[in-house]
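Trainee: I should like to learn how to read the packing of two helices in a model. May we work through an example together?

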Amino acid sequence: MDNVLISKCRNCTNCPYRLYQKPNDTIKQGQGNYFGKAIFIVDDDESVKILKQVYENLTGRNIFEDYYVTTLYKCKYNRDVKRPGIVGMNCIKNVREEINKIQTGVVYAIGTNVITIVSNYLNNKNHVLDINFNYKIYYLFNYNPKWCKKGNIVLRDTFINEFSKIINK
């Protein structure tokens, strides 16, 4: 997908991070197979890298060959945000527009921040008329790719087991 200048993005108008933007800053787009098995939405670039590595370890394939992967937070200024809020609510509108261009029927929202933002957006009465999620949405509330890096074997194995169930459907 083409990169969009933050200054031209209508969904970024009310975002507090817009104050930090430079003239050529763009929104981070996802990558992968537009006609793939599903879409994964994760918090940030680090989660994408971990998801890619776990997928490759489990299947021997590149995740972007089979799935489309995108991040919730779209600009470099808010990718490190640790709490959901107005920033995430602006970003989810960009995610919605991004994934509506993809030809798949399933979306997996992975990670607590992503779950919170996506579910709040879908349940917010102000957004009912403008949303066009024609997808079956699955939430993985307590599973986060970053568990694979934290050193806790139980959490890592839990994430890998749950992720394996998804990719083996």
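Mentor: The discussion below goes from the whole chain to a pair of helices and then to single residues. This is a predicted model, in which local features need pLDDT of at least 70 and side-chain atom pairs count only at pLDDT 80 or more, while totals for chains, interfaces and linings use all residues. Residues are numbered from 1 along each chain as its sequence is written, and side-chain values use heavy atoms, with hydrogens and water left out.

Trainee: How many helices and strands are there in the chain?

Mentor: Helices (H or I, at least four residues) and strands (E, at least two) are DSSP runs, numbered from the N terminus. The chain has five helices and five strands, and their order from the N terminus is β-β-α-α-β-α-β-α-β-α.

Trainee: What percentage of the 169 residues is buried?

Mentor: Buried means under 20% relative accessible area, exposed over 50%, and partly exposed in between (1.4 Å probe, protein chains only). Of the 169 residues in the chain, 47% are buried. As for contacts (heavy atoms within 4.5 Å), 73% of those with a separation of 6 or more join residues 24 or more positions apart.

Trainee: At what angle do the axes of α1 and α5 cross?

Mentor: Axes are lines fitted to C-alpha atoms, for helices over the stretch in contact, and angles run from 0 to 180 degrees between N-to-C directions. Helix α1 (residues 45-59) and helix α5 (residues 153-167) have axes that cross at roughly 70° and come within 11 Å. The two helices are therefore roughly perpendicular, a term for angles of 65 to 115 degrees; under 35 counts as roughly parallel, over 145 as roughly antiparallel and the rest as oblique.

Trainee: Which residues of α1 and α5 meet?

Mentor: From α1 come Leu51, Val54, Tyr55, Leu58 and Thr59, which meet Phe159, Ile160, Phe163, Ser164 and Ile167 of α5. This contact has eight nonpolar, two polar and no charged residues. In this scheme Ala, Val, Leu, Ile, Met, Phe, Trp, Tyr, Cys and Pro are nonpolar, Asp, Glu, Lys and Arg charged, and the others, Gly among them, polar.

Trainee: Why does Leu58 count as partly exposed?

Mentor: Leu58 counts as partly exposed because its relative accessibility is 38%. This residue of α1 touches Ile160, Phe163, Ser164 and Ile167, leaving aside residues up to four places away in sequence. The C-alpha atoms of Leu58 and Phe163 are separated by 9.6 Å, although their positions lie 105 residues apart along the chain when counted as sequence separation.

Trainee: Which residues of α5 are buried?

Mentor: They are Phe159, Glu162, Phe163, Ser164, Ile166 and Ile167. Ile166 counts as buried because its relative accessibility is 7%, and Glu162 because its value is 19%. The C-alpha atom of Ile166 is separated by 9.7 Å from that of Ala38, 128 residues apart along the chain. For Glu162 and Tyr143, 19 residues apart, the C-alpha separation is 7.8 Å.
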